[in-house]
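The report below concerns a single predicted model and takes up its chain contacts, its strands and a few individual residues. Please have the structure open while reading.

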Amino acid sequence: METLISLKPLLAVAVSTLGALLIAITGEKARNLREAWSIFTSLAKFSIVASMLPDILNGKVIEYTLIKITPELIIKFKVDGLGIFFALTASFLWIITSFYSIGYMRGLNEHAQTRYFFYFAIALSATVGVAFSANMFTAFVFYEIITVSTFPLVAHKETEEAKKGARKYLTYLLGTSIAFQLTAIVITYSITGNLNFSSHGVFNKDISYELITIIFFLYIAGITKAAIMPLHSWLPAAMVAPTPVSALLHAVAVVKAGVFMVIRVVLYIFGSELLKTYNLGLVLALVASFTIIAASVIALRQDDLKLRLAYSTVSQLSYIVVGVALLTPSSITGSIMHIVTHAFGKITLFFTAGAIYVVTHKTKVSELDGIGRQMPFTMASFTLAALSMIGVPPLAGFISKWYLIFGALEAKQLFVLGVLAVSTILNACYFMPIVYAAFMKKQKYHISFGDNKREIREAPIFVLFPLILTAIATVLMFFYPFFFLEIIKIIVFGVKGGN
Amino acid sequence: MNLWEHSSILIVVTPLIASIVNIFISLLKRSLCYPFFVGILGLCSLLSIDILSVVTTSGTIRYKLGGWTPPWGIEYTVDHLNAFLIIIISIISFIIAIYSKESIKKELTKARLPYFYSTYLLFVTGLLGITITGDIFNLYVFLEIASLAGYALIAIGERRSVLASFNYIIMGTVGACFYLLGVGYIYIITGSLNITDLSRLLPSLYESKVTLAALAFVVVGIAIKIALFPLHRWLPDSYTFAPSAVSAFASATMSKVGIYVLIRIFFTLFEPRFLTDITPLSNILIWWATVAIFFGSIIAIGQTDFKRTLSYILIAEVGYMVLGISLCNKEGFIGAVLHILNDAIMIACLFMIAGGIFYRVGSRNLEDFKGLGKSMPITMAAFTVAALSMIGIPPTGGFFSKWYLILGATKAEQWISVAALVFSSLVNAFIFFKLLEKIYFSKKEVIPKHNFRELPLSMIIPITIMALTILIIGFYSGRIISSLIRFTVPEGF
Amino acid sequence: METIIGKYNYWIYIALMMIGFYAMIAKRNLVKKVVGMNIFQTAIILFFISIAYKRDATIPILIKSQEVINPSQYINPLPHVLMLTAIVVMVSTFGVALAIIMMLYNQYKTLDEDEIIEILKKK
């Protein structure tokens, strides 16, 4: 594999840190300029990431060593297929979220907006940092930066409830990463002397079963951002954050950084061979399967729309984990594909939740009767995204689910098929009533503005446009998945050889 | 005469003489004391840099005091470890000296200021003497100079500090006497007091019970001085009630110097195999330190007074360093030595911030931190950096020493110690994020009586320098290890 | 028996040390504590001096006419010298301790530790 040395990965990470500084300097005095920085950096970030794509598609790898802190602890970037896949998703959605954030924050006249945009940019920096990490240490550094930089976002409202949620958020994410992940990294290093992600793992084959099991589960428990049960409850708690935060960070950047790390650990630290030998992948698949079902059941009972979405996220994240845990080419394809399909779907759903809140200040599912008539575009987008989540063709969600099913057959793990089937039904159960109520039921509460109930009152354009865009994307992705599959092919080829 | 040749003696003698001269200056003109005081410490910093550069270029300095050849005369030996400690002590003393100007004015009457400066200089003398001397009895004398100055400095704090200082005297004297007893036993069997000489004489005497008794006395004596749990009782009160500048300086240096003495005794005076193979001392100390880490962390959670919280965290941190050196492997040792540097800066920075908050708010209570993020933004940014480093979030300095410590404990398969280190990080995370939340996300409930503003420049600058150093050290950890700490690792690891 | 009588100097110093230690820990009067501290330190001085002693040896002053020096004829001077330094240190400690006791007395008008703690608790 050819390796290019280039500054681009560093630029891709640093550009939004720079943007954050500009945002902080500009401050509240020149709001438009500040927002312009936000959008400008997000565009710049995406274009830098995208500019690396051709090389990656040609089978090359881009590397850049930032700093050798000690001979073994090196901050180094390496852009490979998996990294660029995640970075593209996150940085593209950041552009859309930037617009949405502006509309949302201004629409609600939120306080401390500078702080909000500042930390948002930092969090994105760190997310791309995780995506481009060449070794476990670098990944860990950025993982922690994500946690710390999103803390102010979760606590944004500064109410007791927000602080409580943020506290829980931090306890789970920081606590487990120090307690388990760091320990696992140290043990890995003390055994192998190597923390680099490599496509066949870093461990020797002769490592004892007990040790490998302990390390494996230390990692899994340490990457709480993937929200695998029983360490998932930070995610619902984080829903106190403003909706754009929930949308981009808790449906895309943060949680996907979690599953991304799981994929990295499973495929690039342990390697599929080793895990298969010890059947550890299967154990992980079981845990994740349980999460899928349990989270869906809990989601059914949530009346708060954002909480329902949060539990749905918990469940959907485990799809990704199951896929990678099955360790077959198709299941890995499905799993990685699900990163992007779920990202688009879920961000749309959160955007709609935010739009509803901006217009009506409603947060409960039970209050949404008849809202479809009032906000037809919003709710249509919601419907599309929900269908994609369920996995109905012709929507993006179908593609990843298809590959996952295929992978389960390949791995001859039929229970996964059952789990996927049950989960699909459950998905339908918790999404469809909302759609039904929105369009079919009569409005229970008269909304204070306007005398005419039928009046269409959509969210501001900055809020509405992004969510329509992402909803359309879920459709387009069904018809044109080849671009993504192309990248995934490179990834799978890297870790499995053949196929 | 080339003065630089004598820098290793000058660095001790300068503050010693200056402390007396300072009194005379105060008789002439009191306002000259402070510039003189800071100037002397600046000079010490320059000398320490000179010593460091000599050591790194031409190796160990051996300076014969008064021309007497060792082992009869006292010899000053400065190798990489000494130079490392010397530079930490002199530069931190210099920075805190700058900081002390405003903070001490608020806590002391004007007439007593010159005495404060003199005592501070004596304290520096003692600490530098401990690190520079190559003679174990001379070390005792310097240890007592430092301690005596420390007692006095603590006693000038707020009302309750006097009793704390008295308890410290009692405990500290017991510690020093134990150390002296140990020295006596070593002298009985070897007839020598010179460290280099002893390291040659002792190996043939490892089986002797007297050697063991000597080591036991010395270790317990030093353990009191560094407040290793359960011998820590004097520390929280002393550092809580002492003047802020004193808490910052003493907490940053006193325990580190004690750790240095332990390293000297374990690995220069004795050999690592004495700890691991001949006696179970290594294991005992690992357990001892592990308990200290757990204890310090657990007690720290329950405190409401910020300086007291820091004191208990310091007790846990002392456990870190003792653990690192008693693991008897390369990683642990590197971790411990690196942590000497990191912890000195972090804890000094935090105590300085505590002093700064006390300066403005007049309280050390954690509840009174609410909303400070708005009124003291720079100080609080420094606080955030220091807190992250305490927790061990990369890329702050604290992460790297912790990394090596955990790595060392893993290599030695001391899982309980690994758990202790991790646990203490979690506790620090809990404590500091709770505070950060108060600082940034809480509004003040009562309208403040005092004017909440940013601190005066002479306090802000030292604090900011410290915080920046924490960040810079993080990135240069590898450089520090490869150019300095690597040479301090004892043979046989 | 041999260990007790033959090494009586050690036993004496240990006994003295323990007396001092007891006073430092158990006495509630601050001055008594400091006196205990002094006894404790003195015990160590005695210990050092006694290890310098040799049977049938004399004070270490060289006679000029003597040409061959036999070390066993002289008491080891080094511990004495060390103890001179240690006495200075101990006197300083004593001084500082007394100064602090005076400060305490001025503040609380008592020298009893319990009473001081009592006063502190009330506030």
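Along strand β1 (residues 61-64) of chain B, which side chains point to one face and which to the other? B:I61 and B:Y63 point to one face and are buried, while B:R62 and B:K64 point to the other face and are not buried; here buried means under 20% relative accessible area, exposed means over 50%, and partly exposed lies in between, with a 1.4 Å probe and protein chains only. In a regular strand the side chains alternate between the two faces of the sheet.

This is a predicted model, in which local features need pLDDT of at least 70 and side-chain atom pairs count only at pLDDT 80 or more, whereas totals for chains, interfaces and linings use all residues. Residues are numbered from 1 along each chain as its sequence is written, chains are lettered from A and ligands numbered from 1 in the order in which they are written, and side-chain values use heavy atoms, with hydrogens and water left out.

**Strands in chains A and B**

Helices (H or I, at least four residues) and strands (E, at least two) are DSSP runs numbered from the N terminus, and two strands pair if DSSP finds at least two bridges between them. In chain B, β1(B) runs antiparallel to strand β2 (residues 75-78), to which 4 bridges join it, and B:R62 stands opposite B:T77 in β2(B). In chain A, strand β1 (residues 2-5) and strand β2 (residues 60-68) pair in the parallel sense over 4 bridges, with A:I62 in β2(A) as the bridge partner of A:L4. β2(A) is also joined by 6 bridges to strand β3 (residues 74-79) of chain A, in the antiparallel sense, and A:K68 has A:I74 in β3(A) as its bridge partner. β2(A) and β3(A) form a hairpin with 5 residues between them.

**Contacts between chains**

Contact means heavy atoms within 4.5 Å. Of the 2 pairs of chains that touch, chains B and C have the most contacts, whereas no contact joins chain A and chain C, whose closest C-alpha atoms lie 33 Å apart. The size of an interface is often given as the accessible area lost when the parts come together; buried area is the accessible area (1.4 Å probe) that two parts lose on being put together, summed over both.

| Chains | Residues in contact | Buried area | Share from carbon and sulfur atoms |
|---|---|---|---|
| A and B | 30 residues from chain A, 30 residues from chain B | about 2,700 Å² | 80% |
| B and C | 29 residues from chain B, 39 residues from chain C | about 3,000 Å² | 81% |

On the chain B side of the contact with chain C, B:R159, B:L163 and B:F166 supply 21% of the area that chain B buries, more than any other three residues. Between these two chains the count is 0 salt bridges, a salt bridge being a side-chain nitrogen of Lys or Arg within 4 Å of a carboxyl oxygen of Asp or Glu. There are 2 residue pairs in polar contact across the interface of chain B and chain C, both residues of a pair being at pLDDT 80 or more. A polar contact is a pair of N or O atoms within 3.5 Å; within protein, one must be able to donate a hydrogen and the other to accept it, and residues adjacent in sequence count only if both atoms are side-chain atoms. Helices α5 (136-155) and α6 (161-190) of chain B each supply at least two residues of this side, and α6(B) gives the most, with 18 residues.

Between chain A and chain B the count is 1 salt bridge: A:R167 forms a salt bridge with B:E437, their closest N and O atoms being 2.8 Å apart. The count of residue pairs in polar contact between chain A and chain B is 4, with both residues at pLDDT 80 or more. On the chain A side, α6 (136-154) and α7 (160-192) each supply at least two residues, and α7(A) gives the most, with 14 residues.

**Two buried residues of chain B**

B:R308 lies in helix α13 (residues 306-326) of chain B and is buried, with a relative accessible area of 16%. A polar contact of 2.6 Å joins its side chain to that of B:D237. Beyond its neighbours within four places in sequence, B:R308 is in contact with B:P236, B:D237, B:T240, B:F241 and B:Q303.

B:L47, in helix α2 (residues 33-58) of chain B, counts as buried at 5% relative accessibility. The C-alpha atoms of B:L47 and B:S8 are separated by 7.8 Å, although the two are 39 residues apart along the chain.
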